[in-house]
Structure formats: C-alpha cells, structure tokens
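Please read this note with the structure open beside it, and check each point against the picture as you go. The points begin with the whole chain and end with a single residue.

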Amino acid sequence: MIVNNTPGHRRKNIRLEDFDYKGSAYVYFITICTHDKRHYFNNVDVAKIIKDEIEFRMINEIKLFCYCIMPDHLHMLLSLTENYTKKGQDKSVGEGTLWNWVSAYKRYTSRITNQLFQIKPLWHKNFYDHIVRKEESLLKIAEYIVNNPVRKGMVSEWEEYPYSRIIEL
C-alpha cells in the first residue's frame, strides 16, 4: 500500500493493512532511527533524555520488556497498557494505538532535544515494528536487542552498556 502524504511524494506504508495496533494483548519489537542516521545518542545528555522518557512512560502507557539506545537508533520491546489503550475511547486524546504512542514519544523527545541542544529534526519520519507472534521467544528477542552494542563492538558484555536494559520478561 502506498500512502500519499504530500503532493508529488509517495511513501510506502510499512504497517500491516488488516491489523489495528490497539490493545495490550500484543508485544511489539520497534526500531526508531534518528534523522539521516545521525549519531545524536553518542551525546550522553541526549541519550539520557531518551532513556528517561522511555522509563517515565512505563508508569502508565507501556509495559517495557527491554530497550537499547544505540548512537543512531532505538530498539524497544513493549506492549501498550490497558490504561493507554483505553485512552483511545476518548476521541479528544486520539486512539490508543502503537502508532499514536510512538508519535507522542517522538514529538516530546524532539521538542526537548531541540530546546536543549538545537537538534532538529531528531527522528526519521517512520519507525519499524514487528508484532511478536505467540511462538516467538521474548527472551530471544530481548537478548538480540540488548546485545546490539556487543555485535557493534562497543562493549564485550551487554551489561557494560549504559543504555541497554532488560526490565521484565
């Protein structure tokens, strides 16, 4: 499916057509890249904003299994909470979908990093998602995510990397 967002520009829709991305029953493996793959998160102050906002949103919006903040992208394994998906019933706050959650997260972190560090734009327009199937192992996906810095030669053990964390499995 092709989505036409602006005149003369057509962008491919990378979401599943028949899936609504609502509800707390699903777990998502998402990747959000920085604009032009810039290494904004090498700056520890910027990375801390990204990390702190992820952890803040664990309170009411998401159940976070793990995350890894790399220099130019962010991986998360999460599901939406009942509290967040119920927000979608009130049309004034928008639908409680994964797309809306990611959009809100990106908007907030973009605004703060622009105010503090004059980074604009922070994020790539889209994000990648994988809906975890029942037969897939959350532990294996989490290990894959947190071992990203090890595969890139940044650390020898994932626990040494300050921006990788397994929360709950």
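The numbered points below describe a predicted model.

1. **The chain as a whole.** In this predicted model, the chain holds 5 helices and 7 strands, and from the N terminus on these elements follow one another as β-β-β-α-β-β-α-α-β-α-α-β. Of the 169 residues in the chain, 44% are buried, while the area that the chain exposes comes to about 9,800 Å², with carbon and sulfur atoms supplying 51% of it. If we take the contacts between residues at least 6 apart in sequence, 65% of them join residues at least 24 apart.

2. **The sheet.** In which order do the strands of the open sheet lie? The sheet is formed by 5 strands in the order β6-β3-β5-β4-β7, and their pairing is antiparallel. At the edges lie β6 (128-131) and β7 (164-166), each of which pairs on one side only. From one strand to the next, the twist averages 15 degrees.

3. **Strand β5 and its partners.** Strand β5 covers residues 73-80, and 8 of its 8 residues are buried, so the strand is largely enclosed by the rest of the structure. In a regular strand the side chains alternate between the two faces of the sheet. In β5, His 73, His 75, Leu 77 and Ser 79 point one way, whereas Leu 74, Met 76, Leu 78 and Leu 80 point the other way, and all are buried. With β4, which runs antiparallel to it, β5 is joined by 8 bridges, and one bridge partnership is that of Tyr 67 with Met 76 in β5. The strands β4 and β5 also form a hairpin, with 2 residues between them.

4. **Strand β3 and its partners.** Strand β3 covers residues 28-33, and 6 of its 6 residues are buried, so β3 too is largely enclosed by the rest of the structure. Both of its faces are covered, with Tyr 28, Ile 30 and Ile 32 buried on one side and Phe 29, Thr 31 and Cys 33 buried on the other. The pairing of β3 with β5 is antiparallel and extends over 6 bridges; in it, Phe 29 has Leu 77 of β5 as its bridge partner, and Ile 30 has Met 76 of β5. The strands β3 and β6 also run antiparallel, joined by 4 bridges, and here Ile 30 stands opposite Asp 129 in β6.

5. **The edge at β7, and the helices on the sheet.** Strand β4 (residues 62-70) pairs with β7 in the antiparallel sense over 3 bridges, and the bridge partner of Cys 66 in β7 is Ile 166. Helix α3 packs on the sheet and touches β3, β4, β5 and β6, its direction making about 35 degrees with that of β3. Helix α4 (residues 138-146) packs on the sheet as well, touching β3, β4, β5 and β7, and its direction makes about 30 degrees with that of β4.

6. **Two helices in contact.** At what angle do the axes of α1 and α3 cross? The axes of helix α1 (residues 44-57) and helix α3 (residues 98-117) come within 10 Å and cross at roughly 145 degrees, and the crossing is right-handed. Among the residues that make the contact are Val 46, Ile 49 and Ile 50 of α1, together with Trp 101, Tyr 105 and Tyr 108 of α3. The residues of this contact divide into 11 nonpolar, 2 polar and 3 charged.

7. **One residue, Asn 148.** Is Asn 148 buried or exposed? This residue lies in helix α5 (residues 148-151), and its relative accessible area is 5%; because buried means under 20%, Asn 148 counts as buried. Leaving aside residues up to four places away in sequence, Asn 148 touches Cys 68, Met 70, His 73 and His 75. Both His 73 and His 75 appeared above among the buried residues of β5 that point one way. Asn 148 and Ile 69 are 79 residues apart in sequence, and the distance between them in space is 9.2 Å, C-alpha to C-alpha.

Key. Residues numbered from 1 in each chain as written. Predicted model: local features only at pLDDT ≥ 70, side-chain atom pairs only at ≥ 80, totals over all residues. Heavy atoms only, no water. Buried < 20%, exposed > 50% of the residue type's maximum accessible area, 1.4 Å probe, protein only. Contact = heavy atoms within 4.5 Å. Areas by Shrake-Rupley, 256 points an atom, 1.4 Å probe, with all protein chains shown as cover. Axes fitted to C-alpha atoms, helices over the stretch in contact; angles between N-to-C directions. Left-handed = near helix turned anticlockwise from the far one by under 90°. Nonpolar A, V, L, I, M, F, W, Y, C, P; charged D, E, K, R; others polar. Pairing = 2+ DSSP bridges.
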